[in-house]
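This briefing sets out the overall form of one protein chain and then turns to selected elements and residues. The sequence and the structure are shown first.

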Amino acid sequence: HGSAVAIVIAALAAALIMTWRTGAARHARRSLGLALPVIGPLTRLSSLSRLVQSTDMLLRAGSALPEALRESATFESGSGTARTFAAAAEALETGQTASSVFIDDRHLPPAFRQLFEVGEVSNTLALVLPALAASLDQQIERRTEQALCLLSPILTLLIGGGVGLLIYSVMDAILSVNDLAF
């Protein structure tokens with residue numbers, strides 16, 4: 001029986017690994033991560049920061065804004081923010097402003113939406129985007145520190161509960177052996 005159980009466990013592990021690497025599993029993990037209360041907003045901010053930084057670099061390299069937005073979206077493909085950047089590139093190509101697309105996306109921070117609009121209207125995106133990226137990075141730092149401050153007491157309680165459960169189990173076993181002797 002032992003070898004059959006080992007074969008079944010190995011087969012289940014292999015199936016799990018193969019499933020873990022599929023696109024559907026990747027999408028499910030991303031959706032789950034975005035739905036979590038602390039991790040979701042951090043993931044969105046981190047994605048937005050990377051998109052802003054890559055758009056800034058592409059603009060500094062001489063790319064046009066629609067091309068920079070589209071290329072940035074391909075670097076961060078799969079996220080909702082990347083789809084918004086791609087939609088902003090399409091809006092620019094149809095004669096609209098990119099900020100009109102960003103204003104409609106409620107997942108984007110209000111400061112980003114307003115500053116991008118100001119930078120686009122005043123033709124100063126080259127100055128606005130680095131400031132936006134720095135601001136987003138500071139927000140990520142601050143939220144990460146807050147999450148870690150919350151995590152420390154939670155881990156302390158969990159580890160303390162585990163140690164208490166271990167002590168209870170050992171003492172219960174000792175006392176039950178003692179009861180058998182008498």
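Two residues are in contact when heavy atoms of theirs lie within 4.5 Å. Leaving aside neighbours within four places in sequence, Ala 133 is in contact with Ser 49, Val 52 and Gln 53 in this sense. The model is predicted. The protein chain holds 8 helices and 0 strands, and its radius of gyration is 25 Å, against a value near 16 Å for a compact globule of 182 residues.

**Overall form**

- Along the sequence, the elements of the protein chain follow the pattern α-α-α-α-α-α-α-α.
- Taken along the principal axes, the box filled by the C-alpha atoms of the protein chain comes to roughly 90 × 40 × 25 Å.
- Among the contacts in the protein chain with a separation of 6 or more, 47% join residues 24 or more positions apart.

**Surface, burial and charge**

- Buried residues make up 27% of the 182 residues of the protein chain.
- The exposed area of the protein chain is about 12,000 Å², and 68% of that area is supplied by carbon and sulfur atoms.
- The protein chain carries 13 positive and 15 negative charges, and the mean positions of the two sets are 3 Å apart.

**Helix H5 and its surroundings**

- Helix H5 covers residues 80-93, and its 14 residues should span 20 Å at 1.5 Å a residue; the end C-alpha atoms are 20 Å apart, so the span agrees with the expected value.
- The buried residues of H5 are Thr 81, Ala 82, Thr 84, Phe 85, Ala 88, Ala 89 and Ala 91.
- An α-helix has 3.6 residues a turn, so residues three or four places apart point the same way.
- Cover for the buried residues of H5 comes from elements including helix H3 (39-60), helix H4 (65-75), helix H6 (98-104) and helix H7 (110-121).
- Gly 95, which follows H5, has a positive phi, near 95 degrees.

**Residues in loops**

- Gly 78 is placed in the loop between H4 and H5.
- Gly 78 counts as partly exposed because its relative accessibility is 40%, which falls between the cut-offs of 20% for buried and 50% for exposed.
- Gly 78 and Tyr 168 are 90 residues apart along the chain, and 48 Å separates their C-alpha atoms.
- Asn 123 is found in the loop between H7 and H8.
- Asn 123 is exposed, because its relative accessible area is 71% and the cut-off for exposed is over 50%.
- Most residues other than glycine have a negative phi.
- Asn 123 is not a glycine, yet its phi is positive, about 60 degrees.

**Residues in helix H8**

- Helix H8 comprises residues 125-181 and includes Ser 169; Ala 133 also has its place in helix H8.
- Ala 133 is buried, because its relative accessible area is 7% and buried means under 20%.
- From C-alpha to C-alpha, Ala 133 is 23 Å from Pro 37, with their positions 96 residues apart in sequence taken as the separation.
- Ser 169 counts as partly exposed because its relative accessibility is 39%.
- Ser 169 and Pro 110, 59 residues apart in sequence, have their C-alpha atoms 53 Å apart in space.

Key: Residues are numbered from 1 along each chain as its sequence is written. This is a predicted model: local features need pLDDT of at least 70, side-chain atom pairs count only at pLDDT 80 or more; totals for chains, interfaces and linings use all residues. Side-chain values use heavy atoms; hydrogens and water are left out. Helices (H or I, at least four residues) and strands (E, at least two) are DSSP runs, numbered from the N terminus. The radius of gyration is taken over C-alpha atoms; the globule rule is 2.2 Å times the number of residues to the power 0.38. Buried means under 20% relative accessible area, exposed over 50%, partly exposed in between (1.4 Å probe, protein chains only). Accessible areas come from the Shrake-Rupley method with a 1.4 Å probe; for residues, only the protein chains shown count as cover. Lys and Arg count as positive and Asp and Glu as negative; His and the chain ends are not counted. The place of a charge is taken as NZ of Lys, CZ of Arg, CG of Asp or CD of Glu. The expected span of a helix is 1.5 Å times one less than its number of residues.
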